[in-house]
Structures are given as C-alpha cells and as structure tokens.
Amino acid sequence: MKRSVLAAVLAGVVAVGVAAASSGTSLLHPSSLHKKAPAVFKAKFRTTKGSFVVTVYRKWAPKGADRFYNLVYYHFYDSQPLFRVDPGFVVQWGISGTPAIAKAWQDANLKDDPVTRQNLKGTITFATAGPNTRTTQVFVNLVANTQLDSMGFAPFGTITSGFSVFGRLYHGYKETASNHQADIANYGAQWVRKHYPKLDWIKTARIVRS
C-alpha cells in the first residue's frame with residue numbers, strides 16, 4: 001500500500017470519532033449505523049464559503065432521514081468536496097475523502113421512500129443511480145426541479161438558514177468534477193485538491209442540539 005493511501009485510510013479511521021469508537025459503530029461498517037432520526041432535526045454544515053442549516057422532517061422520507069441523520073451524527077460528511085455545483089440546478093456532495101470509507105459505503109444501498117414532497121428550491125434529496133440505490137450522496141435544489149419528482153427523488157428536508165452560501169460556491173468546473181466521482185472515491189481528498197483546487201469543501205456537519 002502506498003504511503004499516501006495508507007495515510008488516508010488511517011485519517012479516515014480517526015475521523016470516525018470517539019463516540020463511534022465507544023459505541024461499537026464505525027463509518028467503515030455501514031450496517032453499524034442505524035439510529036432512528038427524531039421526527040424533526042437540524043444539521044449545520046460549515047463550508048469554506050460559510051454555514052447553512054438543513055431541517056429534516058422524518059415523515060417526508062423516513063428511510064432517507066434516518067440515513068442522513070446517521071451520516072451527520074457520525075461525521076461522515078466532514079472534509080468533503082462540494083464536487084457538483086451547477087447553478088440553476090443543484091449542488092451535490094457525499095463522497096468520503098477517505099477511500100476506505102468511500103468503498104465501504106459504495107454498495108450500502110437504501111430502499112426508496114415514496115415521494116411525498118416536491119423538489120422545490122432549497123429542498124435536499126438523496127442522489128440515486130436508479131431504484132433503491134441511495135447511499136450517501138445528497139443534493140440541494142437551487143431552483144424548483146419538480147421534473148425529478150416522477151423519477152423517484154424524495155426530498156427529506158430543506159435549507160432553513162444560509163441558502164445564500166450555495167450562490168457563493170465555486171462553479172467553474174461545472175459538471176467536470178462530477179464526472180470523476182469514481183476517481184474521488186478511489187483516490188480521496190488529496191486527488192481532488194490536486195485536480196480541482198478551486199472546489200469548495202464541507203468542513204464539518206453536525207446535528208444541532210436544541
């Protein structure tokens with residue numbers, strides 16, 4: 001194993017956090033993350049261009065809400081690139097910068113939720129590659145993308161603070177970075193910084209305690 005890859009793996013293991021280690025859960029083992037989300041909860045994302053808050057309503061899409069809750073609770077989204085910034089459409093993220101973690105979640109598919117809410121401006125939804133293929137990637141609708149409703153994209157929450165952050169994200173790469181999702185997963189954060197140095201990043205994502 002190359003030294004850079006080994007360092008990335010070790011960094012990912014450390015990133016799982018003290019809480020995960022003490023409870024027997026690990027980002028390297030998706031099935032160990034199975035908390036039930038509260039009926040309503042908030043998650044605060046700190047990025048290189050400011051912070052935004054997601055408010056999640058479990059009744060909108062229970063399976064998606066539970067998955068998102070666990071990913072935020074166990075710090076999966078920390079130190080990740082906002083690799084798809086498409087003005088007039090969506091902002092997307094959700095590939096771990098640690099290859100071992102990205103690989104662990106690659107086939108952790110989640111069964112679909114019924115679409116109970118429209119993909120309106122500001123809503124957040126899991127990305128899919130077809131029926132029952134949701135894993136960790138999510139996107140925020142920058143406009144009303146109601147054409148996605150009939151395609152099975154089920155919103156589970158909405159941006160309730162900091163929506164202006166999405167307008168400040170670097171978007172010069174358009175779809176180019178998104179077309180290299182496999183490389184992001186295989187080679188991690190170091191590869192992204194080398195090939196797409198202007199991308200903005202999520203610094204941390206945390207459940208907001210009331």
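## Around F166

F166 is a good place to start: in this predicted model, its contacts beyond four places away in sequence are F52, V91, W93, V140, L142 and I159.

F166 also belongs to the largest nonpolar core, which has 39 residues. Together with F45, F68, Y77 and W93, F166 touches the most other members of that core. Helix α3, spanning residues 62-73, is the top contributor here and supplies five residues. A separate core of ten residues lies apart from this one, and its members include F83, I95, I184 and W201.

## The largest pocket

Let's turn from packed side chains to open space. The largest pocket holds about 650 Å³, and 30 residues line it. Nearest its centre lie I95, T135, T136, Q137 and Q181.

Which elements give two or more residues to this lining? They are β5 (90-93), α4 (99-105) and α5 (181-195), with α4 providing the largest share, five residues. Sorted by class, the lining of the largest pocket comprises 16 nonpolar, twelve polar and two charged residues.

## The chain as a whole

Stepping back, the chain is built from five helices and nine strands. Along the sequence they come in the order α-α-β-β-α-β-β-β-α-β-β-β-α-β.

Of the chain's 210 residues, 49% count as buried. Taking contacts between residues at least 6 apart in sequence, 70% link residues at least 24 apart. As for the surface, the chain exposes about 10,200 Å², with 55% of that area supplied by carbon and sulfur atoms.

Notes:
Residues numbered from 1 in each chain as written. Predicted model: local features only at pLDDT ≥ 70, side-chain atom pairs only at ≥ 80, totals over all residues. Heavy atoms only, no water. Core = buried A, V, L, I, M, F, W, Y, C linked by side-chain atoms within 4.5 Å. Buried < 20%, exposed > 50% of the residue type's maximum accessible area, 1.4 Å probe, protein only. Helix = DSSP H or I, 4+ residues; strand = E, 2+ residues; numbered from the N terminus. Contact = heavy atoms within 4.5 Å. 1 Å grid on protein atoms, 1.4 Å probe; cavity = no way out; pocket = protein on both sides within 12 Å on 5 of 7 lines; lining within 4 Å. Points joined across faces, edges and corners; volume = space filled by probe spheres on them. Nonpolar A, V, L, I, M, F, W, Y, C, P; charged D, E, K, R; others polar. Areas by Shrake-Rupley, 256 points an atom, 1.4 Å probe, with all protein chains shown as cover.
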